[in-house]
Amino acid sequence: MLAYLARRLALSGVLLLGVVLAVFLLHHALPMDPAAALLGKNYSAEKAHELRESRGLNDPLPVQFARYLGELSRGDLGTSHVSNVPVTEELKAALPATIELGLTALLLAILLGVGLGILTSLRPRTWWDVSGLTLALVGVSLPIFWLGFLAVAVFGDNGTLESRGQALLASSGGGPGIYALAALGGAFLVSPFLVFGRKTFPALARPLGAITLLVVGGLLGAGALHFAFGFRGLPLGGRFDASVWPLNTFVAETPGATGFLLYDTLFVARDSEAFAHVCSHLLLPALVLSSVPTAIIARITRAAMGEVLVQDYIRTAKAKGLTGARVILKHALRNASIPIVTTIGTQLGYLLGGAVLTETIFQWPGMGRYVVDAILASDIKPLQASVLIVAVAFVLINLAVDMSYAWLDPRVGEGRQ
Amino acid sequence: MSAAPPAKATQPVDAEPERSGPRRLLDWWLTFLRHHRPALVGFILSSLILLIAGLGPLVLEHAPDAVFGRFEPTGGEHLLGTDSQGYDVWSRIVYGGRVTLWIALSSMLLSLTLGTIAGAAAGYLGGWVDLLVMRGVDFAMSFPSFLLAMVTIAILGAKLENVVLAVGLVGAPIFARQVRAEVLRVKTNEYVTAARALGFGNARILLRHVLPNCFAPIVVLGTLTMGSAILDVAGLNFLGLGGDPYTTPEWGLILKQGWEKRPYGNLQVTAAGLAIFLTVLGFNLLGDGLKDELDPRTRRR
C-alpha cells in the first residue's frame, strides 16, 4: 500500500515537472513577441533587441528556465501586458470564480448523476431505466453553449437584458419556466421514496400514491423557488449585480474575504440576502455546467451498479434481512465506487479547465474566460499562468483519485509491487 | 436497449471484411441495426444529416454568401429568415453542415491515424517505444483536452484549418491508448506466433494480422469521437478561436454570430444548436450501439 502511494506520488512529481517545462516552452512556441507587445507603437528593431537583452530573452534556454523556476518559487507569475496588472492579482478574482462555479456544478452532478445512476440500475430495462439512459445520452450530446442559450432564454430574467428585443425574449418563456424546472427538481428529489419507501408506505406502490408523491415533491420544489426568488426569472451575467450588492469592493476592502462569494456573504458579511443574491446568480450557470458531468456520472454509476447488483453477496445481504437502502448504499455502492470516483475526478478537472463555454455564455469572470481573453489578446503571461494552474490542479486531482482507490478498495496496490 | 441480443452475437464480428466479402458485412450491419433500435435511430439521424449536408447545397435556393435584407422574417422566401449580414440562415446551416462535418471528420481521422500508429508501435514493439509513447500519452492527458486544444490554437493561430489540427492532436492519445491495449490483446494469439514462425516481417504481421483484428474497437471509438469532435470544433469556433463568423458558414460560428446579435439572432442560434445536437446525438447513439455489439467487455451482457 505504502509503496503504491509512494509510486503514485513520484509519478505525479515527474508529471508536474513536465507540466512546468511545457508551460515554460509555451512562451517560445507562441507566435507572440513580448517585445513587440511591450513597445507597441515605439517598436524598432534596436529597441526590441535591447528589451529582449534586458529581460534576458536572449539567454540560453536552460538559464531562462532556471529563472522561470525562480520566479515561480517566489509566486511571481509575471504581469499582463494588456492590463499591466500582475497575473497573481487577476487570478485572485478569476480562480475563486471558477472554483465556486465548478464545485457547485460538481456537487449537483454527483447528487443528480449518482442518484439517477442508482435509480436506473435498480430497475433495468424498464421505462424508468430507458428514460434515464436517454436523458444521460442527451446530456453528453448537447452543445453546452447551446444549452446555456436555452437556459437563458427560458429561465433567465430577460427583463434585465438591455436590448430592444426584451419583449421578444420574454414571450419565449420568460420567468415561469424556472418553476417547471424547480418542480421537476423537487419531484426528482422525492422520487427515491418510490423505490425505498415501498415497504414502509405500501400506498406508494400504487400509481395514485406514486403520482401524489411526485406532485407533492414538485410543489415543494416550485414553492421553495418562489420563496427564494419571487416571480422574476434568474438574473443573468456575472457573479453578482454590482448595482445591488457591490461585492467586488466588499471583497477588496474586507480583510478575511476570500473571493468565494458564497463563503464571503454567509460567513464574513453574514448577510443572508447577499447570499441569496449570489446563489441566484450561481444557480443557472452551475446547472448548465453540470449537465455533461451529470450525464457521464449517471452512465458510469448505472454500469458499475449493474455489475455489482447481480453479485451473490448482494443476494446474501438481502436474504439476511437488511433493508434495501442499506444493501444498496453500503454493500453495492461502495463496491461500485471505483469507476464512479474516477469519473468524478476526471469531471472535476474538466470543470476547472473546460468551463470556458459556460463562462462565456454567462459572462462569468473565471479561469476559462481568462484563458480565452489571453489568447485573443496575445497576452503571454496570463496564458502561461492559467494553463500552469489548471494543469497542476488536474494532476493533483488525478493523484487524489488514485489515492482514494487505496481507501475504497484495500486490495489496490497489494498485488503489484 | 429493449431489443434482444442479435442472434449472430457469437460470430467473430471483427473478422476481416476482405476475406468475408462485403456481402457478409452488409448482412451483419442489417442484423445489427434490426436488433439495436437506438443504433438504428442514430444511423438514420446521422445519415440523414450527412445526406442533407452532402446533397443539400445542390438543391438550395440561395447561396450561403448571397446578401439579402438584414433580419428578414422566417417563412416565405427565407425558410429561417436572414441574419445580421443578410445571409439566408437555412442555406448557411446546410452549408455549415458540410464545413462542420468535414472539419470534425478530418480531425477524427487525424486522431485515428496518429493514435493508431503510435498505439500500434507501442503495443507491438514494446520496450522503450512503448515507454516513450505511453509517457507521452500520460503527459498529454494531464491537461484538460479542451484547454489543450485552445492552447494549440494559440500557438498555431485562430484559423479554421488549425481547428482540425488542434482537435485532431488532442484526440490522438485516446486512440493510442485503446489501440495499444487491443494490440497487446491480439498479439498473444497463436496466428501471430505462427506468422512470426513463418518468417514474416514485423510490418507485415502488424498490418495484415494484428491491426485488422483491432478494427472493431477503432471503429467504435471513431464513431464516438465524431460526436465529441463536432462539439469541440463548434465550441472552439464559438469562442472565436476558429474561422471568421462573417465569412465561414460553420455551425459554431453561426451560433456565435446569432448569440452576439441576440435577441434577433435567437432563431439562428436555436437552429444551429439543434443541428449540432442532433448530429452529435446520432453519432453517439450509433457509437454506443456499436460498442455494445463489438466491445468484448460488454458483448457478453
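Two residues are taken here to be in contact if their C-beta atoms, placed from the backbone, lie within 7 Å. With that cut-off in mind, the tour goes through a predicted model, beginning with a pair of helices in chain A.

**A helix pair in chain A**

Select helix α5 (residues 87-122) of chain A together with helix α15 (residues 291-309) of chain A, and look along the pair: the two pack at an angle of about 35°, and their axes are 7 Å apart. The crossing in which α5(A) passes α15(A) is right-handed. To see what fills the space between them, show side chains on the α5(A) side, where the residues that meet α15(A) include A:Ala105, A:Leu106, A:Ala109, A:Gly113, A:Gly117 and A:Ser121. On the α15(A) side, the partners include A:Pro293, A:Ile297, A:Thr301, A:Arg302, A:Met305 and A:Leu309. Coloured by class, this contact shows 14 nonpolar, seven polar and one charged residues.

**Chain A as a whole**

Now widen the selection to chain A, which has 21 helices and zero strands. Of its 417 residues, 37% are buried. Among the contacts in chain A with a separation of 6 or more, 72% join residues that are 24 or more positions apart.

**Two loop residues with positive phi**

Next, centre on A:Asn84, in the loop between α4 (61-73) and α5 of chain A, where phi is near 60°, a positive value in a residue other than glycine. A:Asn84 counts as exposed because it has 7 C-beta neighbours inside 10 Å. Then move to A:Ser378, in the loop between α20 and α21 of chain A, which also carries a positive phi in a residue other than glycine, here near 50°. With 17 C-beta neighbours inside 10 Å, A:Ser378 counts as partly exposed.

One further stop in chain A is A:Glu253, placed in helix α12 (residues 247-253). This residue counts as exposed because it has 9 C-beta neighbours inside 10 Å. A distance drawn from the C-alpha of A:Glu253 to that of A:Cys279 should read 22 Å, for a pair 26 residues apart in sequence.

**Where the chains touch**

Bring chain B into view and select the contact between the chains, to which chain A gives 41 residues and chain B gives 36 residues. On the side of chain A that touches chain B, the helices that each supply at least two residues are α1 (2-29), α6 (127-141), α7 (144-155), α8 (166-171), α18 (337-353), α19 (356-361), α20 (367-376) and α21 (380-408). By class, that side of chain A has 32 nonpolar, eight polar and one charged residues.

**The largest nonpolar core**

Which residues touch the most other members of the largest nonpolar core? In this set of 169 residues they are A:Val371, B:Met150 and B:Leu255. The largest share of the core, 16 residues, is supplied by helix α3 (residues 89-125) of chain B. Select A:Val371 and its surroundings: apart from neighbours within four places in sequence, A:Val371 is in contact with A:Val356, A:Leu383 and A:Ser386 from its own chain, and with B:Leu147 and B:Met150 from chain B.

**Helix α5 of chain B**

From B:Met150, extend the selection to helix α5 (residues 145-156) of chain B, whose twelve residues reach 16 Å from the first C-alpha to the last, close to the 16 Å expected at 1.5 Å a residue. This helix is mostly covered, with ten of its twelve residues buried; among them are B:Phe146, B:Leu148, B:Val151 and B:Ile153. Just after α5(B), select B:Gly157 to find a positive phi of about 105°.

**Helices α3 and α10 of chain B**

Turn next to B:Leu112, which has its place in helix α3 of chain B and counts as buried because it has 20 C-beta neighbours inside 10 Å. Leaving aside neighbours within four places in sequence, the contacts of B:Leu112 are B:Phe175, B:Ile218 and B:Gly222. B:Leu112 and B:Thr225, 113 residues apart in sequence, have C-alpha atoms 9.2 Å apart in space.

Finish on helix α10 (residues 251-260) of chain B, which is largely enclosed by the rest of the structure because nine of its ten residues are buried. The buried set includes B:Trp251, B:Leu255, B:Lys256 and B:Trp259. To see what lies over these residues, add α7 of chain A, then α3, α9 (215-238) and α11 (266-294) of chain B, which are included in the cover of α10(B).

Methods. Residues are numbered from 1 along each chain as its sequence is written. Chains are lettered from A and ligands numbered from 1 in the order in which they are written. This is a predicted model: local features need pLDDT of at least 70, side-chain atom pairs count only at pLDDT 80 or more; totals for chains, interfaces and linings use all residues. Helices (H or I, at least four residues) and strands (E, at least two) are DSSP runs, numbered from the N terminus. Ala, Val, Leu, Ile, Met, Phe, Trp, Tyr, Cys and Pro count as nonpolar, Asp, Glu, Lys and Arg as charged, and the others, Gly among them, as polar. Axes are lines fitted to C-alpha atoms, for helices over the stretch in contact, and angles run from 0 to 180 degrees between N-to-C directions. A crossing is left-handed if the near helix is turned anticlockwise from the far one by less than a right angle, and right-handed if clockwise. The expected span of a helix is 1.5 Å times one less than its number of residues. A nonpolar core is a set of buried Ala, Val, Leu, Ile, Met, Phe, Trp, Tyr and Cys residues joined through C-beta atoms within 7 Å.
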